[in-house]
Amino acid sequence: MTHDNERVKIVSEKTLSQGWTRLSTYELDYIDRDGKHQRMQREIYHRGEAAAILLYDAKRDVVVLVKQFRLPAYLTDQPAWMAEVPAGLLDEDHPEEAIRREAMEETGYRLRDVRFLFKAFMSPGAITEIIHFFYAPIDMSDRIEKGGGLEEEHEDIEVLEIRLNDALAMIETGEICDGKTIMLLQWAALNRASIAA
Ligand SMILES: Nc1nc2c(ncn2[C@@H]2O[C@H](COP(=O)(O)OP(=O)(O)O[C@H]3O[C@H](CO)[C@@H](O)[C@H](O)[C@@H]3O)[C@@H](O)[C@H]2O)c(=O)[nH]1
Ligand SMILES: [Mg+2]
């Protein structure tokens with residue numbers, strides 16, 4: 001893959017906030033497509049990498065979602081307990097290890113085969129986060145724990161098992177409105193034939 005990174009020079013970076021994660025402001029010199037030099041300013045939220053997974057039980061035709069409180073939804077007057085695919089930050093782990101851990105913590109499913117699908121920036125204008133997307137077939141015998149998230153992190157996660165068609169319909173009604181979840185459900189719809197029982 002070719003990229004034009006030599007057209008960019010970081011002039012300065014200043015940390016605006018260093019808390020759970022870091023928010024910083026950059027000044028950069030940027031050469032545009034006509035060769036003109038510009039000085040730009042950008043605020044960037046350094047979020048690290050994450051992983052998300054579609055758990056699909058072909059026999060029952062259900063997907064496993066997790067419902068939890070999301071402050072940004074609350075702050076924007078949206079329904080604040082959002083149904084999402086299991087996901088989490090990598091915490092230094094390899095993406096597949098991390099998603100196996102998150103799936104277990106959040107849903108109680110122990111995964112057998114895990115397939116990497118693609119990775120994507122979710123908000124590339126401002127947030128460094130890259131999400132690695134996965135798929136795993138499951139059945140009821142794989143659920144060896146209750147899930148629900150980690151006590152010590154005060155995670156309060158409800159596990160939902162929903163028919164794939166019902167989950168797809170929830171995108172249309174707006175009940176599912178998380179980007180990574182929509183992407184994985186649509187992947188399932190596009191690949192129904194190959195993931196069927
Ligand atoms: N104190 C504190 N704790 C936090 C903060 N943000 C997250 N946490 C803690 O860190 C845990 C992170 O849980 P994960 O399962 O690793 O991440 P996630 O919140 O599910 O995030 C996933 O979904 C997000 C929303 O789509 C994604 O942004 C993220 O990358 C990932 O995919 C939360 O449960 C919470 O305990 C914060 O700002 N402050
Ligand atoms: Mg999570």
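**Exercise 1. Work out what share of the protein chain is buried, and get a feel for its overall layout**.

Start with burial: in this predicted model, 22% of the 197 residues in the protein chain are buried. A residue earns that label when 20 or more other C-beta atoms lie within 10 Å of its own.

Next, look at the extent. The C-alpha trace spans about 60 × 40 × 35 Å along its principal axes.

Then check the contacts. Taking those with a separation of 6 or more, 56% come from residues 24 or more positions apart.

Finish with the secondary structure: the protein chain has five helices and 10 strands.

**Exercise 2. Split the protein chain into its assigned domains and say how far apart their centres are**.

First, grab the bounds: domain 1 covers 5–46, and domain 2 covers 49–195.

Now go to the C-alpha centres of the two domains, which lie 32 Å apart.

**Exercise 3. Describe the shell of residues around ligand 1, from its nearest members to its make-up**.

Begin with the head count: 13 residues sit around ligand 1. Coming nearest are W20, A50, A87, G88 and E153.

Next, ask which strands chip in. Both β4 (49–57) and β7 (87–89) supply at least two residues each. The top contributor is β7, giving three residues to the shell.

Last, sort the shell by character: six residues are nonpolar, six are charged and one is polar.

Terms used:
Residues are numbered from 1 along each chain as its sequence is written. Chains are lettered from A and ligands numbered from 1 in the order in which they are written. This is a predicted model: local features need pLDDT of at least 70, side-chain atom pairs count only at pLDDT 80 or more; totals for chains, interfaces and linings use all residues. Domain bounds come from an automatic or database domain assignment. A residue is near a molecule or strand if its C-beta atom, placed from the backbone, lies within 6 Å of it. Helices (H or I, at least four residues) and strands (E, at least two) are DSSP runs, numbered from the N terminus. Ala, Val, Leu, Ile, Met, Phe, Trp, Tyr, Cys and Pro count as nonpolar, Asp, Glu, Lys and Arg as charged, and the others, Gly among them, as polar. A residue is buried if 20 or more other C-beta atoms lie within 10 Å of its own, exposed if 12 or fewer, and partly exposed in between; C-beta atoms are placed from the backbone. Two residues are in contact if their C-beta atoms, placed from the backbone, lie within 7 Å.
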